[in-house]
Structure formats: structure tokens, C-alpha cells
Amino acid sequence: EIKISALKAAKEKAIYLLESIGEKPGKVISIEEIPDNQNYYWRRNQNVLSNVVIPTNETSPAIENVATIKLRYQVKVKFEIE
């Protein structure tokens, strides 16, 4: 879903920019996935981090300060110009 959103955003940006010069995007020429180097540490240690057990029974205290996981995906898309 994130990859699809990234492609849609690339097309919307191309439409916006090309409209400023009276053009519009045509067919896709290429799609290049750009690796996210910011998450290198997480991916490298994912097996270690995934072995954490969090108790969920009613006698355990509530979990506080849970961080939200933000996903980011970048693509480089080339379009023909009509």
C-alpha cells in the first residue's frame, strides 16, 4: 500500500509541475525504488528486537509511551511528456 501511495504521489507531483508549463505526463518510462538507509539499523537488528515479550494480562501495568512506527517509501518515476 505504501509503494502504491508513493507512485500516486509521484504522478500527482508530475501533473502539478507539468501544468505550470502547459504540459501533462504521459506513459511511465521507468520506476526506481530508492532504498531507505535510515532504517538500516532497524532491519539489521530486527530479529533481536522482535524477540521482546510484552505481558498483556490484566495484572500487568499499562504500557505507556509507545512509539508510533512511521513508514516511508521513496520512488523515482520518469514519465513521458505529452
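This passage describes the fold, the first helix, the nonpolar core and the salt bridge of a predicted model.

The secondary structure of the chain consists of 3 helices and 2 strands, and these elements follow one another along the sequence in the pattern α-β-α-α-β. Of the 82 residues in the chain, 15% are classed as buried. Among the contacts with a separation of 6 or more, 88% are made by residues 24 or more positions apart. The surface exposed by the chain amounts to about 7,800 Å², of which carbon and sulfur atoms supply 54%.

Helix α1, which spans residues 2–19 and thus has 18 residues, reaches 26 Å from its first C-alpha to its last, close to the 26 Å expected at 1.5 Å a residue. Within this helix, A6, A10, A14 and L18 are buried. These four residues cover an arc of only 95° around the axis, which means that they lie on the same side of α1. Such an arrangement can be read against the geometry of the helix: an α-helix has 3.6 residues a turn, so residues three or four places apart point the same way. The face of α1 that is turned away from the buried side carries I4, K8, E12, Y16 and E19, which are exposed. As for what lies over the buried residues of α1, the cover includes strand β1 (25–34) and strand β2 (74–81).

The buried side of α1 also contributes to the largest nonpolar core, a set of 6 residues made up of A6, A10, A14, V75, V77 and F79. The elements that give two or more residues to this core are α1 and β2. One member of the core, V75, touches A6, L7, E32 and I34 when residues up to four places away in sequence are not counted.

Alongside these nonpolar contacts, a search of the whole structure finds 1 salt bridge, in which the side chains of K3 and E33 meet at 3.7 Å, N to O. Because K3 lies in helix α1 and E33 in strand β1, the pair ties together parts that are 30 residues apart in sequence. With regard to accessibility, K3 counts as partly exposed at 44% relative accessibility, whereas E33, with a relative accessible area of 51%, is exposed.

Terms used: Residues numbered from 1 in each chain as written. Predicted model: local features only at pLDDT ≥ 70, side-chain atom pairs only at ≥ 80, totals over all residues. Heavy atoms only, no water. Buried < 20%, exposed > 50% of the residue type's maximum accessible area, 1.4 Å probe, protein only. Contact = heavy atoms within 4.5 Å. Areas by Shrake-Rupley, 256 points an atom, 1.4 Å probe, with all protein chains shown as cover. Expected span 1.5 Å × (residues − 1). Arc of directions from axis to C-beta. Core = buried A, V, L, I, M, F, W, Y, C linked by side-chain atoms within 4.5 Å. Salt bridge = Lys/Arg side-chain N within 4 Å of Asp/Glu carboxyl O.
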